[in-house]
Structure formats: C-alpha cells, structure tokens
Amino acid sequence: MKVIGFYEFGGPDVLRVVDLPEPHAGPGEVRVRVHAAAVNPADTLLRAGVHAQAFAGVPAPYVTGMDIAGVIDEIGPGTETELSPGEPVMAMVMPIGPAAGGYAEYVVLPAGWVVRAPAGIDHAAAATLPMNGLTARLALDQLALAPGSVLAVIGAAGTLGGYLVQMAAHAGLTVIADAAPADEALVRRSGATDVVARGSDVADHIRARYPDGVDAVADTALVGPRLLDAVRDGGTYARFRTGDEPGGHEFDGDGPITVQTTFVPDYAGRTDKLDQVRRLAEAGVLIPRVAATLPAAEAADAHRRLAAGGVRGRLVLTF
C-alpha cells in the first residue's frame with residue numbers, strides 16, 4: 001500500500017511516498033480504506049521531531065496523520081461491530097509509537113475507534129471532524145460550564161476554535177471570540193455572541209466587554225499566560241499544548257484561576273464521544289470546512305501551506 005512516510009525528522013521535504021505491506025484486520029479490528037486524511041498542526045510537530053522520543057525503537061518509515069475518513073473494507077475474525085463493509089466511516093488515529101498514522105491507503109484500528117461518517121458529508125469533510133471535534137468535546141466536558149456562562153475562544157477562526165464556538169453556542173454558552181476583520185463574519189456565523197480584535201492585547205479587549213472577567217478561556221491559538229488576565233477569579237484557562245509557553249513564561253500553578261490541559265488522547269477510542277461529534281455534524285451544528293484537497297503525494301506542499309499560516313479550514317490529503 002502507499003503511505004506518506006518519512007525516515008528522518010525535519011521539514012516538509014522529508015515526506016515521501018513509500019510502499020509498505022498491506023495490513024489486515026485481526027480479531028476485534030476493522031480495516032479502513034482511507035479516502036481522505038486531514039492535515040493538522042499535530043502532524044507537523046511529529047514530522048519535525050518534537051515527539052521523537054515516542055518513536056524510540058520503532059523502525060522507519062514513520063507515518064503521521066490523526067484524522068481519517070473512508071470506508072470499511074475488512075472486518076477481523078470474531079469482531080463485534082455494527083459497521084458493514086463499504087460503509088463510510090471516520091476515525092481518530094494515534095500515530096505515536098508502533099501504530100501507523102492516517103496518511104495511508106489502509107489503516108487498521110480497533111473496531112471501537114471507528115464510527116459512521118455523518119450522512120450527507122463527503123470523505124474530505126468527514127476527515128476534518130474526528131480529532132478536532134473530540135478535542136472540542138473534551139475541552140467542554142472538562143470545563144463543565146453551566147448554560148449562560150461566558151466562554152472566550154481564542155483562535156476562533158481556526159478549525160478547533162470554530163468547532164469550540166459551534167459546540168459551546170449549541171450548549172447554551174455565551175461565546176466571545178477573537179477574529180481578524182476578514183474573519184469576523186465567519187466567527188459570528190459559527191455562533192459567537194461577541195467578537196473582539198485578535199492580537200497580543202486580546203485579554204484587554206475581553207476585559208473591556210466583561211470587566212469582571214469571563215468564566216473560561218479556551219486558548220486554541222496558544223497565546224499563553226497573558227490570557228489569564230481575561231478570566232475571572234475562580235474561572236478556568238484551557239490550554240491545548242503543554243511545555244514551554246510563548247514568551248518563555250510558564251504557568252506557576254498558583255492563583256485563583258484553574259489551568260486546565262486538554263489532551264485529546266484521553267478520548268482516543270471513545271466511540272460515544274466521537275458519535276456525538278457525528279450527530280452534531282448531521283444536525284448542522286458542526287460545519288466542516290475544507291480549505292483544499294490535495295493528492296496524498298503532495299503532502300509536503302500541504303505541510304508548507306499550513307506552516308505559512310492563513311489557512312481557513314483544513315487541508316485534506318486524498319487517497
């Protein structure tokens with residue numbers, strides 16, 4: 001089978017088309033014939049070697065990619081599943097370690113990791129939903145905000161930010177979001193009640209609208225600790241990546257604001273949660289946005305375009 005793999009960590013040019021043996025579903029597993037794989041920032045971090053230690057002892061080539069959509073084409077012996085061969089499906093893939101990522105013609109997964117794709121949505125659009133949809137679902141589950149609470153979403157024009165805005169508004173939260181002027185209409189259509197200018201002083205803009213601070217901030221843009229200034233005492237700051245913070249500042253863990261880390265592998269294999277994402281997409285609550293589709297062989301170009309910034313929606317590789 002064809003995969004997009006790499007033999008050393010580095011820039012986009014390390015990505016290449018590689019032939020690997022075709023995998024087959026074992027007991028408890030299904031095989032997905034992949035038609036589309038979304039390109040996420042997490043993929044570029046793996047390619048660049050940010051998590052190189054996770055591949056220690058794993059033979060190259062390495063295959064990244066966390067989001068796939070396609071059809072069931074093989075069910076392992078003795079596997080209990082409601083899915084049938086030929087049925088359109090989607091799944092989140094965890095490519096760290098010995099598991100192969102989603103940039104592949106075929107992916108074998110535990111049956112419980114795969115759900116039906118939303119009706120009426122094509123493979124490319126479905127591929128944008130699993131990882132970011134589960135991340136947004138997990139963040140909101142962790143925050144556990146009551147209807148009417150105020151959530152600020154930073155990076156609201158991005159895919160994860162957009163899904164957060166849509167889910168939060170659907171859950172009855174009041175959403176204030178940041179956006180550049182060109183993205184304001186998009187963010188409002190997603191369900192934001194109020195929009196402030198994006199930038200380094202976004203916390204000041206939020207405080208100007210909510211002098212006591214908001215109940216929570218979801219920092220999908222990785223702005224960092226200065227967003228704490230926008231949160232009320234007793235509120236929560238949700239971050240989506242740990243480690244060194246922008247500007248060299250670290251959270252000290254003390255103070256009146258809770259710092260929450262949303263780590264999407266915590267929802268890996270949560271069929272119930274991924275099926276919630278599916279239902280929201282079918283109901284028109286979640287609107288997938290595909291920026292462009294590219295043949296899988298052009299994965300390096302997709303990674304370069306993502307790194308250049310300004311992409312609205314997800315770039316999707318097609319197989």
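Start by selecting Phe 6, Phe 9, Phe 55 and Tyr 62, which ring pairs link into a cluster. Rings of Phe, Tyr and Trp (its six-membered ring) pair here if their centres lie within 6.5 Å; planes under 30 degrees apart count as stacked, over 60 as edge-to-face and the rest as tilted. By this rule the count comes to 5 aromatic pairs.

Before you zoom in, note that this is a predicted model: local features need pLDDT of at least 70 and side-chain atom pairs count only at pLDDT 80 or more, while totals for chains, interfaces and linings use all residues. Residues are numbered from 1 along each chain as its sequence is written, and side-chain values use heavy atoms, with hydrogens and water left out.

**Stop 1: inside the ring cluster**

Keep Phe 6 and Tyr 62 on screen. Their ring centres are 5.7 Å apart and their planes stand at 65 degrees, so the pair is edge-to-face. This pair links distant parts of the chain, with Phe 6 in strand E1 and Tyr 62 in strand E4, 56 residues apart. Helices (H or I, at least four residues) and strands (E, at least two) are DSSP runs, numbered from the N terminus.

Now add Phe 55. The rings of Phe 55 and Tyr 62 have their centres 4.8 Å apart and their planes at 50 degrees, so this pair is tilted.

Are these rings buried or exposed? Phe 55 and Tyr 62 are both buried. Phe 6 is buried as well, with a relative accessible area of 0%, and Tyr 62 has a value of 13%. Buried means under 20% relative accessible area, exposed over 50%, and partly exposed in between (1.4 Å probe, protein chains only).

**Stop 2: the sheet behind the rings**

Switch to a cartoon view and pick out E1, E2 and E4. These 3 strands form an open sheet in the order E2-E1-E4, with antiparallel pairing. Two strands pair if DSSP finds at least two bridges between them. At the edges you will find strand E2 (16-19) and strand E4 (62-63), each pairing on one side only. Strand E1 (residues 2-6) and E4 pair in the antiparallel sense over 2 bridges. To see one spot along this pairing, select Gly 5, which stands opposite Val 63 in E4.

**Stop 3: two arginines and a tyrosine**

Next, select Tyr 106 together with Arg 31 and Arg 33. A charge sits over a ring if NZ of Lys or CZ of Arg is within 6 Å of the ring centre and within 35 degrees of the ring normal. The charged end of Arg 31 sits over the ring of Tyr 106, 4.2 Å from its centre. The charged end of Arg 33 sits over the Tyr 106 ring too, 5.6 Å from the centre.

Stay with Arg 31 and bring in Glu 22, Asp 73 and Glu 74: the four are linked in a network of salt bridges. A salt bridge is a side-chain nitrogen of Lys or Arg within 4 Å of a carboxyl oxygen of Asp or Glu.

**Stop 4: salt bridges across the chain**

How many salt bridges does a search of the whole structure find? The search finds 18, and three more are worth a click.

- Arg 116 and Glu 87: their side chains meet in a salt bridge (2.4 Å, N to O). Arg 116 is in strand E8 (residues 114-116) and Glu 87 in the loop between strand E5 (67-75) and strand E6 (88-92), 29 residues apart. Arg 116 is partly exposed at 33%, whereas Glu 87 is buried at 17%.
- Asp 141 and Lys 273: this salt bridge has an N to O distance of 3.1 Å. Asp 141 lies in helix H3 (residues 130-143) and Lys 273 in helix H7 (residues 271-282), so the pair ties together parts that are 132 residues apart in sequence. Asp 141 is partly exposed at 28%; Lys 273 is buried at 13%.
- Asp 194 and Arg 209: the closest N and O atoms are 2.6 Å apart. Asp 194 lies in strand E11 (residues 194-197) and Arg 209 in helix H6 (residues 202-209), 15 residues apart in sequence. Asp 194 is buried at 17% and Arg 209 is partly exposed at 42%.

**Stop 5: the nonpolar cores**

Finally, select Leu 151, Leu 164, Val 187 and Leu 286. These have the most contacts inside the largest nonpolar core, which has 50 residues. A nonpolar core is a set of buried Ala, Val, Leu, Ile, Met, Phe, Trp, Tyr and Cys residues joined through side-chain atoms within 4.5 Å. The largest share of this core, 7 residues, comes from H3. A second, separate core of 38 residues includes Val 3, Tyr 62, Val 107 and Val 114, with Tyr 62 already familiar from the ring cluster.
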